[in-house]
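Biologist: Please take a close look at one part of this model, the ligand site, and give the cut-offs behind each term.

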Amino acid sequence: MPSPGRLHLITDTRPGRDPLAVVDAALSVAGSELVVQVRVTDDADDRTAYELAVEVARRCADVGATCLVNDRLHLALAVGAAGGHVGARDLPVDAARRVLGPDAVLGATARDPETGTAAVAAGASYLGVGPCHATSTKDGLPAPIGPEGIRRVASAVPVPVIAIGGITAERVPALLAAGAYGVAVVGAVANATDPARATADLLTAISAVPPPPSLDWGPSPGFAPWRGSPTSGRGAGAAGW
Ligand SMILES: Cc1ncc(COP(=O)(O)OP(=O)(O)O)c(N)n1
Ligand SMILES: Cc1ncsc1CCOP(=O)(O)O
Ligand SMILES: [Mg+2]
């Protein structure tokens, strides 16, 4: 059973950026260890998003990395991605699970233990938790929750917690010490003058801390898609998430 990825690179949506160049640089260093989440602006049309997702999925497949698609689950299915990620304004987690099927990786956003627990019960394989710190790559976010916010969620759920928002290699140790399994980044790699080096620095910081031992990686016997929602546990599929 594959281990869940601990370093997630989210594609940069800011105008004038070259997300594929950043993905290439990160994959050249991280290879199969990387999870790449395809994210576009809300006003991007599906054709534009699809074309980016095709390119990212192909690059990930070439090196055995994991490709996820943010929000637009039909694109995840269309490009053969491993799964998707949903938040409060996207499909509800149980509906997203029905779309993707029992074996897909499904991430859900949470800031608090209650939301996180509900997302896991509804079929989330992992949680994206944040913003941990202030970020310049997404507007309109609530106040940062810091490592203590990570601790509150991670101690409440049996799935990997991926810390997000303002993550840098220097901030990784405190977040992992608080119970994060891994981190998701945009700026730490995309803003770097040397994105490959920045990726290596993040991997070094992550690998210095072993993952939490008590996570439930196994498939959920309670997941029953024909009934529309998991009957117990994390409800995720056989991908090991
Ligand atoms: C790993 C991870 N965590 C959180 C998010 C945020 O998702 P969401 O709250 O739906 O916001 P958008 O990214 O859709 O703007 C994420 N994408 N990935
Ligand atoms: C998509 C998203 N959701 C919460 S913070 C964020 C962006 C994180 O970007 P950065 O790593 O540049 O702070
Ligand atoms: Mg979303």
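Modeller: A donor to a metal is an N, O or S atom within 2.8 Å of it (3.2 Å for Na, K and Ca); water is not among the atoms, so a site may look incomplete. The model is predicted, with local features needing pLDDT of at least 70 and side-chain atom pairs pLDDT 80 or more, while totals for chains, interfaces and linings use all residues. Residues are numbered from 1 along each chain as its sequence is written, chains are lettered from A and ligands numbered from 1 in the order written, and side-chain values use heavy atoms, leaving out hydrogens and water.

The magnesium ion, ligand 3, is coordinated at 2.1 Å by Asp 71 (OD) and Asp 90 (OD). Asp 71 sits in the loop between strand S3 (66-70) and helix H3 (73-79), and Asp 90 in the loop between strand S4 (83-86) and helix H4 (93-100), so the pair ties together parts that are 19 residues apart in sequence. Helices (H or I, at least four residues) and strands (E, at least two) are DSSP runs, numbered from the N terminus. Asp 71 is partly exposed, at 24% relative accessible area, and Asp 90 is partly exposed at 25%; buried means under 20%, exposed over 50%, and partly exposed in between (1.4 Å probe, protein chains only).

Asp 71 and Asp 90 return around ligand 1: of its 13 surrounding residues, the nearest are Gln 37, Arg 39, Asp 71, Asp 90 and Lys 138. A residue is counted if one of its heavy atoms lies within 4 Å of the molecule. Side-chain N or O atoms of Asn 70 and Asp 71 each lie 3.0 Å from an oxygen atom of ligand 1, and a polar side-chain atom of Lys 138 lies 2.7 Å from one. Alone, ligand 1 exposes 420 Å², of which the protein buries 87% (Shrake-Rupley method, 1.4 Å probe). Its shell divides into 3 nonpolar, 6 polar and 4 charged residues. Here Ala, Val, Leu, Ile, Met, Phe, Trp, Tyr, Cys and Pro count as nonpolar, Asp, Glu, Lys and Arg as charged, and the others, Gly among them, as polar.

Arg 39 and Lys 138 are also among the residues around ligand 2, including Leu 141, Ile 164 and Val 186. An oxygen atom of ligand 2 is 2.5 Å from a side-chain N or O atom of Thr 135, and one is 2.7 Å from such an atom of Thr 137. Gly 166 places a backbone N or O atom 2.7 Å from an oxygen atom of ligand 2. The protein covers 91% of the 370 Å² of accessible area that ligand 2 has on its own. Its shell holds 4 nonpolar, 5 polar and 2 charged residues.

Terms used
A polar contact is a pair of N or O atoms within 3.5 Å; within protein, one must be able to donate a hydrogen and the other to accept it, and residues adjacent in sequence count only if both atoms are side-chain atoms.
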